[in-house]
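Subject: Structure for your review

Dear colleague,

Please find the sequence and structure below. My notes on what was found follow.

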Amino acid sequence: MYIANDFPVSCKDSFVIFISKPDGVGLKPISLTSCFCKLLETLVKNRLQWWVETNGFLPSNQHGFRKGRSCIDNLTGLALKVNEAFLEKKVVIAAFLDVQGAFDNVNIDIVAARYIPA
C-alpha cells in the first residue's frame with residue numbers, strides 16, 4: 001500500500017469532534033479514524049522512530065518522547081552535576097524554560113531542511 005500509494009478509502013475518512021478547552025477559550029479537535037488507519041499510523045510511527053534512533057538524528061541528551069528514556073533521566077543528570085560541583089567546590093548554573101505554545105510556532109520548512117537530505 002505504501003509503495004503503490006494506494007490506500008483504502010476508510011483511511012482517508014475521519015470523524016472530527018470538537019471539545020471545548022478547559023479554560024473555555026477555543027476548541028480542541030479530536031479525530032476518530034478507522035482501526036485499519038490507526039494500525040497503519042502505528043506501523044509508520046514505529047518505523048520512523050527506529051530510523052531516527054538508528055541514524056542518530058536525535059542528540060544523546062534528549063530524553064523526552066524516546067523509548068527507554070524519560071525526563072527523570074535529565075533530573076538525575078542534573079543531580080549528578082550538582083553533587084560533582086559541590087564536591088569540587090564549583091558552581092552549577094541551570095536554566096529551565098517552559099515555552100507555552102512552542103510547538104505552535106515551529107517552522108516545519110526549517111526542521112525538514114535540517115533533517116531531510118535534499
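Which residue in E2 is the bridge partner of isoleucine 17? The bridge partner is isoleucine 30. Please note that the model is a predicted one, and that every value in this message is to be read in that light.

The strands

The pair just named belongs to an antiparallel pairing of E1 with E2, which extends over six bridges. Strand E1 covers residues 15-20, and strand E2 covers residues 27-32. Together E1 and E2 make a hairpin, with six residues lying between the two strands. Glycine 24 sits in the turn of this hairpin and has a positive phi of about 85°. As a general point, side chains in a regular strand alternate between the two faces of the sheet.

The nonpolar patch

The surface carries a nonpolar patch of about 420 Å², to which Phe15, Ile17, Ile19, Ile30 and Leu32 contribute. Both E1 and E2 give two or more residues to this patch. The largest share, three residues, is supplied by E1. The two residues of the bridge described above, isoleucine 17 and isoleucine 30, are thus found again among the members of the patch.

Leucine 32, another member of the patch, is placed in strand E2. Why does leucine 32 count as partly exposed? Its relative accessibility is 41%, and the partly exposed class lies between the limit for buried, under 20%, and the limit for exposed, over 50%; leucine 32 therefore falls in that class. As for E1, this strand is hardly covered, and the count of buried residues among its six residues is zero.

The chain as a whole

The protein chain contains four helices and two strands, and their order along the sequence is α-β-β-α-α-α. The chain has 118 residues, of which 6% count as buried. The area exposed by the chain is about 10800 Å², with carbon and sulfur atoms supplying 63% of it. Among contacts between residues at least 6 apart in sequence, 17% join residues that are at least 24 apart.

With kind regards

Key: Residues numbered from 1 in each chain as written. Predicted model: local features only at pLDDT ≥ 70, side-chain atom pairs only at ≥ 80, totals over all residues. Heavy atoms only, no water. Patch = residues over 30% accessible without salt bridge, like charges linked within 9 Å, V, L, I, M, F, W, Y side chains within 5 Å. Areas by Shrake-Rupley, 256 points an atom, 1.4 Å probe, with all protein chains shown as cover. Salt bridge = Lys/Arg side-chain N within 4 Å of Asp/Glu carboxyl O. Buried < 20%, exposed > 50% of the residue type's maximum accessible area, 1.4 Å probe, protein only. Pairing = 2+ DSSP bridges. Contact = heavy atoms within 4.5 Å.
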